[in-house]
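Visitor: I am new to this structure and would like to know what stands behind the terms used for it. Please show it first.

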Amino acid sequence: NFTVNTKNPIEEVYLIGNTKNLGAWETKKAVKMTKIDDNTFTLRKRFYLNTEVEYKVVANKNWENVEKGIFAEEVENHHFNAEKGHFEDIFVHNFN
């Protein structure tokens, strides 16, 4: 399960990553998150146990709108090893 909270309101948020069910790093295959409110988005995905998952958060399905840090700096990819019940909670300061 993924939850993304954004500093500023935004229309659409997507996850893109190294696994097939996260688009295999192809923006046209990025996965749209469900909008809860203007700043909160969720997504539920299943992964094979022990899969190394790496991903980024993008706005509007576009690499030009990839997540950035508090000072608009680049942010490293998020990553985790898939385990039962794993939950990712991400805060995005900016999209540029």
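Visitor: Where does threonine 6 lie?

Guide: Threonine 6 is part of strand S1, which covers residues 2-6. Keep in mind that this is a predicted model.

Visitor: Why is threonine 6 called buried?

Guide: The relative accessible area of threonine 6 is 4%. Buried means under 20%, so threonine 6, with 4%, is buried.

Visitor: Which residues does threonine 6 touch, leaving out those up to four places away in sequence?

Guide: They are Val13, Asp38, Asn39, Phe41, Phe91, Val92 and Phe95. In addition, the side chain of threonine 6 reaches the backbone oxygen of asparagine 8 at 2.8 Å.

Visitor: What makes lysine 35 and glutamate 11 a salt bridge?

Guide: The closest N and O atoms of lysine 35 and glutamate 11 are 3.3 Å apart. A salt bridge asks for a side-chain nitrogen of Lys or Arg within 4 Å of a carboxyl oxygen of Asp or Glu, so the pair with 3.3 Å between its N and O atoms qualifies. Lysine 35 sits in strand S4 (residues 34-37) and glutamate 11 in the loop between S1 and strand S2 (13-17), so the salt bridge ties together parts that are 24 residues apart in sequence.

Visitor: Are these two partners buried, partly exposed or exposed, and how do you know?

Guide: Glutamate 11 has a relative accessible area of 57%. Exposed means over 50%, so glutamate 11 is exposed. Lysine 35 has 31%, and since partly exposed covers what is in between under 20% and over 50%, lysine 35 counts as partly exposed.

Visitor: What joins Glu11, Lys35 and Asp38 into one network?

Guide: The side chains of lysine 35 and aspartate 38 also meet in a salt bridge, at 3.4 Å from N to O. Salt bridges that share partners join Glu11, Lys35 and Asp38 into one network. Aspartate 38 is partly exposed, at 42% relative accessibility.

Visitor: How far apart are the closest N and O atoms of lysine 32 and glutamate 12?

Guide: They are 3.2 Å apart, and the pair forms a salt bridge. Lysine 32 belongs to strand S3 (residues 31-32), while glutamate 12 is in the loop between S1 and S2, so this pair links parts 20 residues apart in sequence. Both are partly exposed: lysine 32 at 47% and glutamate 12 at 25%.

Visitor: How many salt bridges does the count come to?

Guide: The count comes to five.

Visitor: What is the phi of asparagine 50, and where does this residue lie?

Guide: Asparagine 50 has a positive phi of about 70 degrees although it is not a glycine. This residue lies in the loop between strand S5 (40-43) and strand S6 (52-59). Its relative accessible area is 56%, so asparagine 50 is exposed, the cut-off being over 50%.

Visitor: What is the phi of lysine 61?

Guide: Lysine 61, also not a glycine, has a positive phi of about 55 degrees. Its place is in the loop between S6 and strand S7 (67-68). With 33% relative accessibility, lysine 61 counts as partly exposed.

Visitor: How much space lies in the largest pocket, and which residues are closest to its centre?

Guide: The largest pocket holds about 350 Å³. It is lined by 14 residues, of which Lys45, Arg46, Glu83, Gly85 and His86 are closest to the centre. By class, the lining has five nonpolar, three polar and six charged residues.

Methods. Residues are numbered from 1 along each chain as its sequence is written. This is a predicted model: local features need pLDDT of at least 70, side-chain atom pairs count only at pLDDT 80 or more; totals for chains, interfaces and linings use all residues. Side-chain values use heavy atoms; hydrogens and water are left out. On a 1 Å grid over the protein atoms alone, a cavity is a set of points where a 1.4 Å probe fits but cannot get out, and a pocket is an open set with protein on both sides within 12 Å along at least five of seven lines; lining residues have an atom within 4 Å of a point. Grid points are joined across faces, edges and corners, and a volume is the space filled by probe spheres set on the points. Ala, Val, Leu, Ile, Met, Phe, Trp, Tyr, Cys and Pro count as nonpolar, Asp, Glu, Lys and Arg as charged, and the others, Gly among them, as polar. Helices (H or I, at least four residues) and strands (E, at least two) are DSSP runs, numbered from the N terminus. Buried means under 20% relative accessible area, exposed over 50%, partly exposed in between (1.4 Å probe, protein chains only). A polar contact is a pair of N or O atoms within 3.5 Å; within protein, one must be able to donate a hydrogen and the other to accept it, and residues adjacent in sequence count only if both atoms are side-chain atoms. Contact means heavy atoms within 4.5 Å.
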